[in-house]
Amino acid sequence: MAKSQWSFMTAVDLSAALAAKKVSAVELAQDAIGRIERHDKKINAVCVRDFERGLAAARAADAALARGDNKPLLGIPLTAKESYNIAGLPTTWGIPQQKDFVPGEDALSITRVKQAGGVILGKTNVPLGLGDWQSYNEIYGVTNNPYDLGRTPGGSSGGSAAALAAGYGALSLGSDIGGSLRGPAFHCGVYAHKPTFNLVPVRGHTPPPFPPLPIDRDMAVVGPMARGAADLSLLLDVMAGPDPLEAGVAYRLSLPPPRHSELKSFRVLVIDTDPVMPTDQAVRGTIGKLAANLAKAGVKVERNSPLWPDFADSTRLYMRMLMAFLGAFFPPEAYAGALGAAATLPPSEKSLGAERLRGMVQTHRDLADGRRRPRAAAGAMAQAVRKL
């Protein structure tokens with residue numbers, strides 16, 4: 001792919017170049033738009049284009065830079081997952097029946113990105129209902145991996161990961177409940193972060209035609225994707241903070257500063273595999289290399305803790321909670337089938353397939369217990385790290 005010197009720079013580096021007047025926001029937007037126009041017929045990452053408004057935002061950013069404004073995303077070209085509401089653009093979640101749904105207002109995260117000076121060029125493709133490890137739907141078709149068009153970029157934030165890998169902007173907004181940020185980033189060689197639950201408000205990241213109200217979905221979050229690790233905190237800082245509608249206040253709270261400013265001051269507990277779903281040797285080797293490098297930098301690194309909760313039990317609990325959320329949207333016939341299959345499971349059956357079935361049909365009592373147990377596990381994890 002033909003590229004300019006700006007095409008694959010990180011957002012941090014682009015911000016520095018903009019401040020030094022080495023490039024304009026319009027030039028950056030035009031560079032990303034040019035790449036989309038040249039390459040996206042084959043990749044199909046940007047399913048909804050918004051070039052005219054994007055260029056207008058870039059011109060406004062250049063004017064703001066000329067005035068000396070200093071906003072965190074000022075002039076940075078980026079994309080957002082199709083599932084985010086952007087006023088005037090369709091939000092379908094890949095659901096054919098919703099192909100004509102157009103929200104009247106932006107999602108809260110989109111509003112914050114715009115207020116921070118971000119230049120949004122379009123929306124990226126997703127699987128049906130955001131529920132798959134690939135990114136295909138009947139409305140927009142299939143998204144391919146920029147590194148190999150015969151392979152998937154992953155899902156459900158696959159369009160965003162592919163856009164970043166293809167040089168269609170330095171940042172993208174995604175979402176995650178079961179790996180939808182992290183999996184596509186892994187597939188495409190980019191970065192993603194699944195934030196702590198409720199750190200970033202999800203208002204406006206809502207399946208159509210439901211109204212964009214504040215809502216808690218177990219384990220479901222929205223979060224940043226980027227071409228550089230440092231860019232993740234840049235975008236997360238913009239997105240994070242309580243929803244004024246939910247918090248009852250008309251202002252934002254900023255994230256607290258990091259606990260430490262030097263690597264050697266941190267403590268790290270390394271967990272490189274799972275007893276129910278063991279990781280591949282290549283993954284464990286990479287994590288081991290990271291742990292060794294951290295230790296060389298003075299970080300206190302441990303690999304075991306007697307306080308760590310039972311990972312096998314946590315994995316099964318996760319599957320039940322995940323499928324409780326997803327199963328709530330199953331059609332009646334699918335739910336009835338799951339109910340019948342779950343009834344045949346003996347109590348001794350502890351496979352992940354069995355836990356998925358139990359999750360799909362669990363009672364509210366079971367779900368309430370499931371919501372309590374992760375909090376207890378999180379407390380145990382925090383105590384284990386404090387004792388390092």
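**Reading the Folded Chain: Questions and Reasons**

Visitor: Leaving aside its neighbours within four places in sequence, with which residues is Val113 in contact?

Guide: Val113 is in contact with Leu73, Leu78, Gly118, Ile120, Leu173, Leu235 and Val238, once neighbours within four places in sequence are set aside. Each of these counts as a contact because heavy atoms lie within 4.5 Å. Please bear in mind that this is a predicted model.

Visitor: Which residues touch the most other members of the largest nonpolar core?

Guide: That core has 55 residues, and Leu73, Ile110, Val113, Tyr168, Leu171 and Leu173 touch the most other members. Its leading contributor is helix 2, residues 25-43, which gives 8 residues. Another core, of 13 residues, lies apart from this one, with Ile177, Leu317, Leu322 and Met323 among its members.

Visitor: Which residues of helix 4 are buried?

Guide: Leu108, Ser109, Ile110, Arg112 and Val113 are buried in helix 4. After this helix comes Gly117, with a positive phi near 95°.

Visitor: Why does Asn125 count as buried?

Guide: The word applies to a residue under 20% relative accessible area. Asn125 has 0% relative accessibility, and therefore it counts as buried. Asn125 is placed in the loop between strand 3 (119-124) and strand 4 (136-137). Beyond four places in sequence, Asn125 touches many residues, including Asn44, Cys47, Tyr140, Gly141, Thr143 and Ser156.

Visitor: What does the side chain of Asn125 reach at 3.0 Å?

Guide: The side chain of Asn125 reaches the backbone oxygen of Gly141 at that distance of 3.0 Å. The limit for a polar contact is 3.5 Å.

Visitor: What makes Ser160 buried, and where does this residue lie?

Guide: Ser160 lies in helix 5, residues 158-165. Its relative accessible area is 0%, so Ser160 is buried. Its side chain makes a polar contact with the side chain of Thr124, at 2.7 Å. Residues more than four places away in sequence that Ser160 touches are Ala80, Lys81, Thr124, Ser172, Leu173 and Met225.

Visitor: Why is Phe51 called buried?

Guide: Phe51 has a relative accessible area of 14%. The word buried needs a value under 20%, and Phe51 is therefore called buried. Phe51 lies in helix 3, and its contacts beyond four places in sequence are Ile33, Ile36, Glu37 and Leu121. By contrast with those contacts, the C-alpha atoms of Phe51 and Ser109 are separated by 20 Å, with their positions 58 residues apart along the chain.

Visitor: Why is Pro96 called partly exposed?

Guide: The term covers values between the 20% limit for buried and the 50% limit for exposed. Pro96 has a relative accessible area of 29%, and so it is partly exposed. Pro96 is found in the loop between strand 2 and helix 4 (108-115). With neighbours within four places in sequence left aside, Pro96 is in contact with Leu128, Glu138 and Ile139. Pro96 and Ala297 are 52 Å apart in space, C-alpha to C-alpha, and 201 residues apart in sequence.

Visitor: What makes strand 1 and strand 7 edge strands?

Guide: Each of these strands, strand 1 (46-49) and strand 7 (191-192), pairs on one side only. They belong to an open sheet of 6 strands with mixed pairing, in the order 1-3-2-6-8-7. Helix 3, residues 51-67, packs on the sheet and touches strand 1 and strand 3; its direction makes about 155° with that of strand 3.

Visitor: How many bridges join strand 2 to strand 6?

Guide: Strand 2 (residues 77-81) and strand 6 (residues 171-176) run parallel and are joined by 3 bridges. Two strands pair if there are at least two bridges between them, so strand 2 and strand 6 count as paired. Leu78 has Leu171 as its bridge partner in strand 6.

Visitor: Why does the radius of gyration of the protein agree with a compact globule?

Guide: For 388 residues, a compact globule would have a radius of gyration near 21 Å; the protein has 22 Å, which agrees. Its C-alpha atoms fill a box of roughly 65 × 55 × 50 Å along the principal axes. The protein has 13 helices and 10 strands, and buried residues make up 47% of the 388 residues. Of contacts between residues at least 6 apart in sequence, 71% join residues at least 24 apart.

Definitions and conventions
Residues numbered from 1 in each chain as written. Predicted model: local features only at pLDDT ≥ 70, side-chain atom pairs only at ≥ 80, totals over all residues. Heavy atoms only, no water. Core = buried A, V, L, I, M, F, W, Y, C linked by side-chain atoms within 4.5 Å. Buried < 20%, exposed > 50% of the residue type's maximum accessible area, 1.4 Å probe, protein only. Helix = DSSP H or I, 4+ residues; strand = E, 2+ residues; numbered from the N terminus. Polar contact = N/O pair within 3.5 Å; in protein donor to acceptor, adjacent residues only side chain to side chain. Axes fitted to C-alpha atoms, helices over the stretch in contact; angles between N-to-C directions. Rg over C-alpha atoms; globule rule 2.2 N^0.38 Å.
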